[in-house]
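Work through the exercises below with the sequence and the model side by side, and try each task before reading its solution.

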Amino acid sequence: MDLVLCHTTADFDTLGAAVGLARLQPGRRIVLTGGSHPTVQRFLAFHRDEYPLVERRAVDPSQISHLTLVDAQQPERFGPAADWITQAAKNQVSIAVYDHHPAVEETELLAAEERTVEAVGAATTLVVEALQQQDIEPTVAEATVMALGIHVDTGSLLYETATARDAAALAWLMGHGASLSVIADFVEPSLSPVLQDLLTEALATLQMETVEGHSLAWVLLKVDRYLPGLSGLAEQLMSLADADALLFGAYY
C-alpha cells in the first residue's frame, strides 16, 4: 500500500496537500490518522467520496510499501499511525515528507528518502508546484480542497507567513476550476487587523519545547484592552506552530 498520512486533528492544509499528492501518484490512498477540525469534518460530510480516503482500521501495516507525511515531520504528530512510521523506517520502507514548518532539532528528524520542507505559507503550495512541474491538471474537486488548504493556512494570503509562491499556487488552482462558492462556505472569517498584528507578534515571541515526544508551545502577550476573538487567534497560532499543546495568555 502507498499511503499519504494527514496529521492528527487534520486541517485543510494537510488534507489539501494529501489530495494533491494522491493526484501526483495515482493509487495512493489518504489516511486521516486521528480526527479532523470541525470545518474539515463538515466538508468531508459532503465531499468525502471525491477523494481516495481509506479508514485507518482498513490498513494492514505489513502491506505498506511507501509512506508520505504531509504538514508535519515528527511521527508522534500522526497519532496511532506513528507506529507505522517507526516500523517503516526500521524496515527501510520508502518515506517522503512534505512540510512548511520550521525544521525541528536534527535529533527529531525522521530519516526520509525524500524531504521537501520549504518556508512557504502552506504545505499544499509545495504539492501544487510539484503538480505544475509534471503538467498534471487537477479535477475541480481536487483544485477546490487544495485551494482551501492554501486559503486557511495563509489567512487568504493575509498572514505574514504567506508568500508569492502561495499566491501563484492559488491562482493556478483557480484557473483549474477551484470552486469559490465552496471555498466561501468553508473558509472561516479571517482575523481582524488588530488580531492579525497580534498574531505576528505572537509568532515572533513564541517559545517551544519538546516534552516526552510532544511539542509544547507558549506565549504571553500584553494588550491594551479586552479583545474579542482571542480563541480564534490561539487556534491559528497552534496550527501555524504545529504544536501539540499551546499555553496562550493575554493580559492588560
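The exercises that follow treat the sheets, the helices that lie on them and the contacts between helices.

The model is predicted, so local features need pLDDT of at least 70 and side-chain atom pairs count only at pLDDT 80 or more, while totals for chains, interfaces and linings use all residues. Residues are numbered from 1 along each chain as its sequence is written, and side-chain values use heavy atoms, with hydrogens and water left out.

**Exercise 1. The five-stranded sheet**

Determine the strand order of the open sheet of five strands, and explain why one side of β2 and of β5 is left without a neighbour.

Solution. Begin with the terms: helices (H or I, at least four residues) and strands (E, at least two) are DSSP runs, numbered from the N terminus, and two strands pair if DSSP finds at least two bridges between them. On this basis the five strands follow one another as β2-β1-β3-β4-β5, with parallel pairing, in an open sheet. The edges are held by β2 (29-32) and β5 (114-117), and because each has a single partner strand, one side of each lacks a neighbour in the sheet. Between neighbouring strands of this sheet the turn is 20 degrees on average, direction ignored; here axes are lines fitted to C-alpha atoms, for helices over the stretch in contact, and angles run from 0 to 180 degrees between N-to-C directions.

Next, check the pairing at both edges. Strands β1 and β2 run parallel and are joined by four bridges, with Ile30 in β2 as the bridge partner of Val4. At the other edge, β4 (residues 94-99) pairs with β5 in the parallel sense, again over four bridges, and Ala96 stands opposite Glu114 in β5.

**Exercise 2. Helices on the five-stranded sheet**

Find which strands helix α1 touches and what angle its direction makes with that of β1.

Solution. With contact meaning heavy atoms within 4.5 Å, helix α1 (residues 12-24) packs on the sheet and touches β1 (2-6), β2, β3 (66-70) and β4, its direction making about 165 degrees with that of β1. Helix α3 (residues 82-90) lies across β1, β2, β3 and β4 and runs at about 130 degrees to β3.

**Exercise 3. Helix α6 and its contacts**

Decide how α5 and α4 are each oriented relative to α6.

Solution. First take helix α5 (residues 140-154) and helix α6 (residues 164-175), whose axes come within 9 Å and cross at roughly 150 degrees. Angles under 35 degrees count as roughly parallel, over 145 as roughly antiparallel, 65 to 115 as roughly perpendicular and the rest as oblique, and α5 and α6 are therefore roughly antiparallel to each other. Their contact includes Met146 and Ile150 of α5 together with Leu170 and Leu173 of α6.

Then turn to helix α4 (residues 123-133), whose axis comes within 9 Å of that of α6 and crosses it at roughly 60 degrees; α4 and α6 are therefore oblique to each other. Among the residues making this contact are Leu126 and Glu129 of α4, with Arg165 and Trp172 of α6.

**Exercise 4. The three-stranded sheet**

Establish the strand order of the open sheet of three strands and the kind of pairing within it.

Solution. The order is β6-β7-β8, and the pairing is mixed. Strand β7 (residues 214-222) runs parallel to β8, to which seven bridges join it, and Tyr251 in β8 is the bridge partner of Lys222. Helix α8 (residues 193-205) lies across β6 and β7, at about 125 degrees to β7, whereas helix α9 (residues 230-241) lies across β6, β7 and β8, at about 140 degrees to β8.
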